[in-house]
Amino acid sequence: MCGQILYLVSATFVFLLFIFAATIFLSAGRAYPADIWSDTAAILGYSNTGEKLAVPAFVKVMELTSPYWCTVHIFLLVTGYAVTMTSLILFLNLCRDNGGMIGGVIFSVFGVITNPDIIANWFGISMERMQIANILSGWISPLNHATYYMHNFGYDNLPCLWQSYAFFIFASAVLFVCSLIKVRNHSFRFTGK
């Protein structure tokens with residue numbers, strides 16, 4: 001079981017590393033390589049153009065971090081989210097056949113439906129009080145824990161980066177320990193010919 005856990009963590013990391021490298025390779029011809037935000041990023045962040053084009057660029061991210069550190073944190077947050085989801089899938093597969101895939105879908109859907117706009121609609125939060133929906137969403141949604149700009153950069157009540165990292169490590173560790181306990185009573189069925 002420890003080998004399975006090591007495989008899940010390393011396979012998830014290698015898969016995300018491949019996606020990261022493929023993204024770099026495919027966008028290398030049009031990328032801005034300096035460790036400062038480009039003029040295009042500034043235009044998208046400081047005007048409504050980014051919202052109209054559905055290309056999010058957030059002022060607080062640009063003002064408080066560099067592009068390379070932002071990239072490192074995004075990679076680590078997405079890795080934490082993916083490892084947490086795979087640990088949940090492993091545990092639920094041990095609990096019930098195909099329960100892991102159902103649990104993985106529910107985990108992902110929960111992250112999507114706990115979007116600040118959806119929370120504001122559910123609880124009737126006005127646009128003037130949208131910060132409350134952002135804070136609620138930032139703390140309860142695992143997907144928002146994996147979203148870089150949904151973190152506290154010193155002037156709001158969103159989770160800090162270290163808190164999101166701790167959340168992913170703790171949740172994954174608890175699920176892996178539960179898997180180690182559950183595998184003791186698991187009956188394996190081999191269907192080889």
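Me: How are helices and strands assigned here, and what pattern does the protein follow along the sequence?
Reply: Helices (H or I, at least four residues) and strands (E, at least two) are DSSP runs, numbered from the N terminus. This is a predicted model, in which local features need pLDDT of at least 70, side-chain atom pairs count only at pLDDT 80 or more, and totals for chains, interfaces and linings use all residues. Residues are numbered from 1 along each chain as its sequence is written, and side-chain values use heavy atoms, with hydrogens and water left out. The protein has ten helices and zero strands, giving the pattern α-α-α-α-α-α-α-α-α-α.

Me: What percentage of the residues of the protein count as buried?
Reply: Buried means under 20% relative accessible area, exposed over 50%, and partly exposed in between (1.4 Å probe, protein chains only). The protein has 193 residues. The buried share is 35%.

Me: Among contacts between residues at least 6 apart in sequence, what percentage join residues at least 24 apart?
Reply: A contact means heavy atoms within 4.5 Å. Among contacts between residues at least 6 apart, the share joining residues at least 24 apart is 58%.

Me: What span does helix 10 reach from its first C-alpha to its last?
Reply: Helix 10 covers residues 161–182, which is 22 residues. The expected span is 1.5 Å times one less than the number of residues. That expectation is 32 Å, and the model comes close to it, at 31 Å.

Me: Within what arc do the buried residues of helix 10 fall?
Reply: The buried residues of helix 10 are Leu 161, Ser 164, Phe 168, Ala 171, Ser 172, Leu 175, Phe 176 and Ser 179. The arc is taken over directions from the helix axis to the C-beta atoms. The buried residues of helix 10 line one face of the helix, because their arc is 130°.

Me: Which exposed residues sit on the face of helix 10 turned away from its buried side, and which helices does the buried side pack against?
Reply: The face turned away carries Trp 162, Ile 169, Phe 170 and Ile 181. The buried residues of helix 10 pack against helix 1 (2–27), helix 5 (67–95) and helix 9 (142–145).

Me: Which helix gives the most residues to the largest nonpolar core?
Reply: A nonpolar core is a set of buried Ala, Val, Leu, Ile, Met, Phe, Trp, Tyr and Cys residues joined through side-chain atoms within 4.5 Å. The largest has 13 residues, and Val 61, Leu 77, Tyr 81, Tyr 148 and Phe 168 touch the most other members. Helix 5 and helix 10 each supply at least two residues. With five residues, the top contributor is helix 5.

Me: How many residues apart in sequence are the parts tied together by Phe 13 and Phe 75?
Reply: Rings of Phe, Tyr and Trp (its six-membered ring) pair if their centres lie within 6.5 Å; planes under 30 degrees apart are stacked, over 60 edge-to-face, the rest tilted. There are four aromatic pairs, and Phe 13 with Phe 75 is edge-to-face, at 5.6 Å centre to centre and 75° between the planes. Phe 13 is partly exposed at 36%, whereas Phe 75 is buried at 15%. Phe 13 lies in helix 1 and Phe 75 in helix 5, so the parts they tie together are apart by 62 residues.

Me: Thr 86 in helix 5: which residues does Thr 86 contact, leaving aside neighbours within four places in sequence?
Reply: Thr 86 counts as buried, because its relative accessibility is 18%. Beyond those neighbours, Thr 86 is in contact with Leu 8 and Thr 12.
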